[in-house]
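Me: Please examine the structure shown below and answer a short series of questions about it.

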Amino acid sequence: MIVAGIGCRKGATATEIDAAIDAALQEAGLTPENLTSLATSDGKGSEQGLLDVAAARGLQITLVKPAALQAAGPRTKSFSPRVNEMFGVPSVAEGAALAAAGPDAALLAPRIVLGPVTCALASTTREP
């Protein structure tokens, strides 16, 4: 299982989100076919760009509750002061990926930041 955790500013487009996912996959040496699902904070569940990307890629979106994001916080690799101030977590993308992939999941790499979108990949095993 490989989950792409997404953090984005309101109104991020499908093109911007797709680019961040593709950059994270490339950085990890993976292909789009390796991806099994998307995850984000439950407050982003109505973002049209994210919904469009999930539909185009044929993936489900896991909406992660704040408590689960916070529980995954100690396993993240990145720290965003802005995100921490707004959401009380070090990284939405990394926390969402880890929370959705499960308690034994690990990040494949720190989050990728591309314009208004961050993307992190988590796997249930250290090697996909």
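The following exchange concerns a predicted model and treats its cysteines, a strand and a helix residue.

Me: How many disulfides does the structure hold?
Reply: A disulfide requires two cysteine sulfur atoms within 2.5 Å. The cysteine sulfur closest to that of C8 belongs to C119 and lies 11 Å away, which is too far for a bond. The number of disulfides is therefore zero.

Me: Is C119 buried or exposed?
Reply: A residue counts as buried under 20% relative accessible area. The relative accessible area of C119 is 1%. C119 is therefore buried.

Me: Which residue of strand 6 is the bridge partner of I6?
Reply: Strand 1 (residues 2-8) pairs with strand 6 (residues 117-123) in the antiparallel sense, over seven bridges. Within this pairing, the partner of I6 is C119.

Me: Which residue in strand 2 does G5 stand opposite?
Reply: Strand 1 is joined by three bridges to strand 2 (residues 37-41), and these two strands run parallel. In strand 2, the residue opposite G5 is A39.

Me: How many residues of strand 1 are buried?
Reply: Side chains in a regular strand alternate between the two faces of the sheet. On one side of strand 1, I2, A4, I6 and C8 are buried, and on the other side V3, G5 and G7 are buried. The count of buried residues in strand 1 is seven of seven.

Me: How far apart in space are L25 and I112, C-alpha to C-alpha?
Reply: L25 belongs to helix 1 (residues 14-27) and is buried at 2% relative accessibility. L25 and I112 are 87 residues apart in sequence, while their C-alpha to C-alpha distance is 9.7 Å.

How values were computed: Residues are numbered from 1 along each chain as its sequence is written. This is a predicted model: local features need pLDDT of at least 70, side-chain atom pairs count only at pLDDT 80 or more; totals for chains, interfaces and linings use all residues. Side-chain values use heavy atoms; hydrogens and water are left out. Buried means under 20% relative accessible area, exposed over 50%, partly exposed in between (1.4 Å probe, protein chains only). Helices (H or I, at least four residues) and strands (E, at least two) are DSSP runs, numbered from the N terminus. Two strands pair if DSSP finds at least two bridges between them.
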